[in-house]
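Reader: Please take me through this model one question at a time. I am in my first year, so give each term its cut-off when it comes up.

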Amino acid sequence: MTTGAISPKLLHLAWPLVLGNLLQTAYNLADMFWVGRVGRESVAAVALMFPLSWMFVSTSIGITAATIALVSQHVGAGDERRADRVVAQTVLLTLVVGIALAALGWTFRVDLLSLMGADGQVFTEALAYIEIIFLALPLTFLFFAFRASLQGAGDTKTAMWLVLLSAGVNVVLDPFLILGWGPFPAMGTRGAGWATFVSRGLATAAGIGILLRGGFGVKLHVGDLRPDPRILRKLIDIGYPGTLDGWARSFAAVVMAAFVTPFGDAAIAAYGVGVRLMSVTWSVAGAVGQATATGVGQNLGAKTPDRAGRVTWVATGGTMALLGVAAGICLLVPELLIRVFLDDPATVSEGATFLYVIAPFWAFFGGTMVIQGAFRGAGQTKVAMALSLLSRWVFRVPVAIVLAFSLSVALPTGHTLETLGIGVVGIWIAFSVGGFLSFLVAVAWFRLGRWQEGVIEDERETVVADATVDESD
């Protein structure tokens with residue numbers, strides 16, 4: 001990514017990530033499709049649990065963002081051995097954090113569901129699903145760590161094959177475990193959870209083998225798994241804003257799902273299907289953002305910040321154009337898309353409204369995600385975190401409260417502020433408002449150019465000491 005024409009190199013780096021993320025989205029859509037064959041309550045349960053499970057998984061976002069930033073900048077600087085050490089410490093850190101969070105989630109699973117407002121059959125189905133998802137959490141963390149390591153080194157194709165393995169196994173297992181095909185009992189939402197567990201386990205085993213073998217840009221050395229406080233501290237320093245970013249996004253998703261809950265099962269199911277369809281666009285934008293992070297990181301490591309900026313603008317423009325086309329398709333046949341998952345008239349009607357309101361703004365969501373990827377590649381994870389906080393907690397959640405619910409707020413002046421209370425469509429509008437305003441802020445922030453220094457400059461004095469260690473390896 002440091003020489004030659006930008007567009008073809010960016011496309012070469014991005015397309016495996018796009019395909020991999022789309023496969024991951026197919027993984028999630030398959031769960032929703034087969035659970036939809038069970039009933040509306042099961043769809044609502046999975047829809048409600050998706051943001052909760054992602055709230056735990058998003059802890060890994062910070063670690064993987066730090067991994068991509070450090071590995072890509074070391075590779076760009078021609079120091080592959082230091083990149084290998086970062087990979088080993090990433091594996092160590094994600095395993096410890098994944099096990100701790102899995103234990104925490106399992107312990108408080110009932111309380112978490114109650115806080116989200118789940119009850120009746122939706123509560124039962126949601127509990128059956130989330131229990132297995134928590135068991136799979138350490139595997140999911142390791143899976144993301146392997147992908148980030150390979151992506152930072154510029155090998156996005158191998159990362160794509162890992163996703164293909166995971167998604168493919170999940171898609172195949174879903175109908176057998178959810179509906180009870182063949183010799184398997186029908187487990188409903190619990191079956192969707194077990195399909196995820198098995199698929200993640202196989203992909204994790206494959207990832208371990210790939211990194212131990214080497215030849216993919218980075219290699220996992222068993223001896224490097226000894227805790228290295230300096231690298232761990234660097235991963236945490238760069239990564240914790242990314243983790244807070246992930247928490248801010250996922251907790252906002254939990255809050256928005258809880259906002260939808262009072263409007264009934266049809267609204268919850270429509271929200272779940274609508275968000276799954278939106279996740280297709282997030283998959284594309286997120287993948288291009290990851291490619292942009294690699295491109296920016298390698299160019300900053302090579303001391304070519306102007307080229308890093310050009311990579312970002314090319315990626316942003318291309319992503320927004322593509323998502324604009326996708327939105328146009330959704331606006332033409334919204335009811336048809338919702339019926340693929342659940343042929344319930346109330347859900348179809350609400351889901352179509354969801355798409356009518358939000359799809360025209362998909363390009364802005366995507367543009368922001370690409371620019372955030374550029375900041376992460378530069379190691380500026382605090383900026384990416386700030387953009388997420390603005391998008392969700394300043395531009396989205398307050399707007400949803402004002403538009404969707406009927407509230408009376410007493411002001412210190414003695415006056416009363418009345419919210420609009422237009423119903424669940426107010427929540428859909430809040431998504432669009434947040435997406436548009438956060439894009440404007442992201443563009444303005446990136447143009448300031450304060451991201452161009454990178455994060456490995458302060459480590460140069462340690463190169464001589466590391467070279468001595470390398471000789472002993």
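Reader: Which backbone oxygen does the side chain of Thr292 reach?
Author: This is a predicted model, in which local features need pLDDT of at least 70 and side-chain atom pairs count only at pLDDT 80 or more, while totals for chains, interfaces and linings use all residues. Residues are numbered from 1 along each chain as its sequence is written, and side-chain values use heavy atoms, leaving out hydrogens and water. Thr292 lies in helix α11 (residues 265-301); helices are DSSP runs of H or I, at least four residues, numbered from the N terminus. At 2.7 Å, its side chain reaches the backbone oxygen of Val288.

Reader: Is Thr292 buried or exposed?
Author: Buried means under 20% relative accessible area, exposed over 50%, and partly exposed in between, with a 1.4 Å probe and protein chains only. The relative accessibility of Thr292 is 0%, so Thr292 counts as buried.

Reader: Why is α3 described as largely enclosed by the rest of the structure?
Author: Helix α3 covers residues 59-76, and its end C-alpha atoms are 27 Å apart, which agrees with the 26 Å that its 18 residues should span at 1.5 Å a residue. That expected span is 1.5 Å times one less than the number of residues. The helix is largely enclosed because, of its 18 residues, the number buried is 17.

Reader: Which residue forms a salt bridge with Arg81?
Author: A salt bridge is a side-chain nitrogen of Lys or Arg within 4 Å of a carboxyl oxygen of Asp or Glu. Arg81 counts as buried, at 16% relative accessibility. The closest N and O atoms are 2.9 Å apart, and the partner of Arg81 is Asp224.

Reader: How many residues apart are Arg81 and Asp224?
Author: Arg81 sits in helix α4 (residues 80-107), and Asp224 in the loop between α9 (189-213) and α10 (229-260). The pair therefore links distant parts of the chain, and the separation is 143 residues.

Reader: Which residues are linked with Arg109 in a network of salt bridges?
Author: One salt bridge joins the side chains of Glu131 and Arg190, at 2.9 Å from N to O. Glu131 counts as buried at 10% relative accessibility, whereas Arg190 counts as partly exposed at 28%. Linked with Arg109 in the network are Glu131 and Arg190.

Reader: Which helix gives the most to the largest nonpolar core?
Author: A nonpolar core is a set of buried Ala, Val, Leu, Ile, Met, Phe, Trp, Tyr and Cys residues joined through side-chain atoms within 4.5 Å. The largest one has 102 residues. With 11 residues, the helix that gives the most to this core is α2 (residues 40-57).

Notes
Helices (H or I, at least four residues) and strands (E, at least two) are DSSP runs, numbered from the N terminus. A polar contact is a pair of N or O atoms within 3.5 Å; within protein, one must be able to donate a hydrogen and the other to accept it, and residues adjacent in sequence count only if both atoms are side-chain atoms.
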